[in-house]
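With the structure open in your viewer, please follow the stops below in order, making each selection before reading on.

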Amino acid sequence: MADRDGLIWMDGEMVPWRDARVHVLTHTLHYGMGVFEGVRAYHTDKGPAIFRLQDHTDRLFQSAHILGMKIPFDKDTINQAQVAAVRDNNLDSAYLRPMCFYGSEGMGLRADNLRVHGMVAAWEWGAYLGEEAMEKGIRIRVSSFTRHHVNITMCRAKANGNYINSMLALQEALDNGYDEALLLDAQGFVMEGSGENIFIVRDGVLYTPDLTSALDGITRRTIIQLAAEADIKVVEKRITRDEVYIADEAFFTGSAAEVTPIREVDNRSIGSGSRGPVTEHLQKKYFDVVHGRSPVHHGWLTYVSGD
Ligand code: PMP
């Protein structure tokens, strides 16, 4: 990743990709106290557009607020940095990674002289779980790792350190031949994937876990709205593992994962064992929206060309 052409926004200016470096004593590198976002820009008829940019930036600032980190840039600057990262790298579609992190001014946990840095990188990234997965669905397993308890770390923050838990769960799933992990909360209720929210469908109703130890996903919010617009009832509630087993359909949502059908959980096929009709409908709607083919949702798109 580090050795490529292009530009990265760093602390207020565009720098050559290979020069966007930090010191080994970077505080966040040691302790994981930092905040980030995962955002996508999509090809549209009017050039690339960033999906729900303001919502992602708002969440970045909320994450920082939760951690007590003061971002030394305003939201507009972070928005413009993301637009510039797509535009100046000539990308037609992109994954964007804004992050704020502490510098190397001190090393102790109580260091109080740390500078907060900001960066935004953008690069081309296809379907996170593979093109085939979008149609056929993925196989997942319930993780032996529990999702963070609400008072161990705070999942409303998209904090760097939270992802140790995600990576342990994902590595375990991949090592055992599955595509993704499904994490349960400390009480044993279904929570989320390593980087996705989960939905299940039963008798035409959409269910998703309420937000305790799960991230308040922007794709989740989008799907809840698109479902409401399609007169599909949505219920946020505690979900048990066996409810997922007997669901008619299940799917993951995320900026990276988009809307990915789940065809199997713990070796039990879900519904017909392939992408179900509700999933397909919402997935199609989602792609229409992000690609600018849904006029009523144009407000969610920030066109990089400025139109
Ligand atoms: N949960 C976790 C743990 C995530 O990392 C993500 C990806 N940001 C999501 C859910 C989905 O969130 P979003 O739809 O905002 O990308």
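Begin with a helix pair: select Leu53, Gln54, Thr57, Leu60 and Phe61 in H2, and then Lys75, Ile78, Asn79 and Gln82 in H3, which are the residues through which H2 and H3 meet. Coloured by residue class, this contact of H2 with H3 divides into 4 nonpolar residues, 4 polar residues and 1 charged residue.

Next, extend the selection to the whole of helix H2, residues 53-67, and helix H3, residues 75-88, whose axes come within 10 Å and cross at roughly 130°. Because of that crossing angle, H2 counts as oblique to H3. Turn the view until one helix lies in front of the other, and the handedness can be followed as well: H2 passes H3 in a right-handed crossing.

Before moving to the ligand, colour the chain by confidence, bearing in mind that this is a predicted model. The mean pLDDT of the protein chain is 97, and 99% of its residues reach 70 or more, while the model as a whole scores ipTM 0.99 and pTM 0.97.

Now select the ligand and display the 15 residues that surround it, the closest of which are Leu215, Gly217, Ile218, Thr219 and Ser255. Which elements each supply at least two residues of this shell? Helix H6 (218-229) and strand E14 (249-254) do so, and of the contributors H6 gives the most, with 3 residues. As a last step, colour the shell around the ligand by residue class, which separates it into 3 nonpolar, 9 polar and 3 charged residues.

How values were computed: Residues numbered from 1 in each chain as written. Predicted model: local features only at pLDDT ≥ 70, side-chain atom pairs only at ≥ 80, totals over all residues. Near = placed C-beta within 6 Å. Helix = DSSP H or I, 4+ residues; strand = E, 2+ residues; numbered from the N terminus. Nonpolar A, V, L, I, M, F, W, Y, C, P; charged D, E, K, R; others polar. Axes fitted to C-alpha atoms, helices over the stretch in contact; angles between N-to-C directions. Parallel < 35°, antiparallel > 145°, perpendicular 65-115°, else oblique. Left-handed = near helix turned anticlockwise from the far one by under 90°. Contact = placed C-beta atoms within 7 Å. pLDDT = per-residue confidence, 0-100.
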